[in-house]
Amino acid sequence: MTHSPKLSIVDFRPGLRDAFKSLNEAWIRRYFILEETDRIALEHPEEKIIQPGGCILFLLEGNDVLGCSALVKKDNTCFELAKMAVADHAQRRGYGELLGHACMERAKELGAERLYLESNTSLAPAMALYKKLGFKRLPQSETPYMRCNIQMELWL
């Protein structure tokens with residue numbers, strides 16, 4: 001798969017806050033309901049994701065935001081891969097995989113040994129992506145999301 005040379009992965013900046021919120025609200029509302037945990041993270045990404053030691057990465061083509069994903073720090077060696085979204089017009093082009101690999105590399109730079117995620121098995125493209133990236137299913141444990149029916153991990 002070839003990608004435009006104009007693609008770039010960039011870190012969160014205030015001017016991208018609305019894109020982070022709108023991309024994630026779009027997929028969540030399409031398939032589920034927006035939960036309070038979502039609302040808090042999407043409205044306060046600096047306080048809830050970045051300041052505690054995580055990051056948010058964006059995939060851009062020029063100034064067009066194609067997708068985003070967050071790494072939420074769980075502890076010194078584990079980050080949660082969360083809030084991954086690709087714009088409708090950019091889906092099925094391998095951009096989720098690009099974001100996934102960028103998050104894996106950034107997690108290693110941040111000292112992570114493990115990535116964790118929560119999802120729903122009805123999201124077939126997401127499930128295929130996570131398996132392709134090497135994530136393995138975990139026994140179900142407590143989660144803040146009503147929609148979560150699968151938890152996965154990847155040792156880096």
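How many of the residues of strand 4 are buried? The count is 9 of the 9, so strand 4 is largely enclosed by the rest of the structure. Buried here means under 20% relative accessible area, exposed means over 50%, and partly exposed lies in between, with a 1.4 Å probe and protein chains only. Helices (H or I, at least four residues) and strands (E, at least two) are DSSP runs, numbered from the N terminus.

Before going on, a word about what we are looking at. This is a predicted model, in which local features need pLDDT of at least 70 and side-chain atom pairs count only at pLDDT 80 or more, while totals for chains, interfaces and linings use all residues. Residues are numbered from 1 along each chain as its sequence is written, and side-chain values use heavy atoms, with hydrogens and water left out.

Let me start with the strands. Strand 4 covers residues 78-86. Its antiparallel partner is strand 3, residues 64-75, and 7 bridges hold the pairing. Two strands count as paired if DSSP finds at least two bridges between them. These two form a hairpin, with 2 residues between them. As one example of the register, Cys 68 stands opposite Ala 85 in strand 4.

Strand 4 also pairs with strand 5; these run parallel and are joined by 3 bridges. Here Cys 78 has Arg 114 of strand 5 as its bridge partner. Together with helix 4, residues 95-109, strands 4 and 5 make a right-handed β-α-β unit. Right-handed means that, with the strands pointing away from the viewer, the path from the first strand over the helix to the second runs clockwise.

Next, strand 5 itself, residues 114-119. Of its 6 residues, 5 are buried, so strand 5 too is largely enclosed by the rest of the structure. Strand 5 runs antiparallel to strand 7, residues 150-155, with 6 bridges between them. Arg 114 appears again here, standing opposite Trp 155 in strand 7.

Staying with strand 7, look at Gln 151, which lies in that strand. Is Gln 151 buried or exposed? Its relative accessible area is 0%, so Gln 151 counts as buried. Its side chain makes a polar contact with the side chain of Glu 118, at 3.1 Å. A polar contact is a pair of N or O atoms within 3.5 Å; within protein, one must be able to donate a hydrogen and the other to accept it, and residues adjacent in sequence count only if both atoms are side-chain atoms. Not counting residues up to four places away in sequence, Gln 151 touches several others, including Tyr 116, Leu 138 and Thr 143. Contact means heavy atoms within 4.5 Å.

Now the nonpolar core. The term covers a set of buried Ala, Val, Leu, Ile, Met, Phe, Trp, Tyr and Cys residues joined through side-chain atoms within 4.5 Å. The largest one has 51 residues, and those touching the most other members are Phe 20, Phe 58, Leu 71, Leu 81, Leu 115, Tyr 130 and Phe 135. Take Phe 20: leaving aside neighbours within four places in sequence, its contacts include Ile 49, Phe 58, Cys 68 and Lys 83.

On to charged pairs. The structure holds 14 salt bridges, each defined as a side-chain nitrogen of Lys or Arg within 4 Å of a carboxyl oxygen of Asp or Glu. In one of them, Glu 43 pairs with Lys 21, and the closest N and O atoms are 3.8 Å apart. That pair links distant parts of the chain, with Glu 43 in helix 2 (residues 36-43) and Lys 21 in helix 1 (residues 17-31), 22 residues apart. Glu 43 is partly exposed, because its relative accessibility is 32%. Lys 21, at 26%, also counts as partly exposed.

Glu 43 has another partner, Arg 39, with closest N and O atoms 2.8 Å apart. Those two are 4 residues apart in helix 2, so about one helical turn separates them.

A further salt bridge joins Lys 132 and Glu 97, at 3.0 Å from N to O. It too links distant parts of the chain: Lys 132 sits in helix 5 (residues 124-133) and Glu 97 in helix 4, 35 residues apart. Lys 132 is exposed at 59% relative accessibility, whereas Glu 97 is partly exposed at 21%. Elsewhere, salt bridges with shared partners join Lys 21, Glu 36, Arg 39 and Glu 43 into one network.

Last, Glu 35, in the loop between helix 1 and helix 2. Its relative accessibility is 8%, so Glu 35 counts as buried. Beyond neighbours within four places in sequence, Glu 35 is in contact with Pro 144, Tyr 145, Met 146 and Arg 147.
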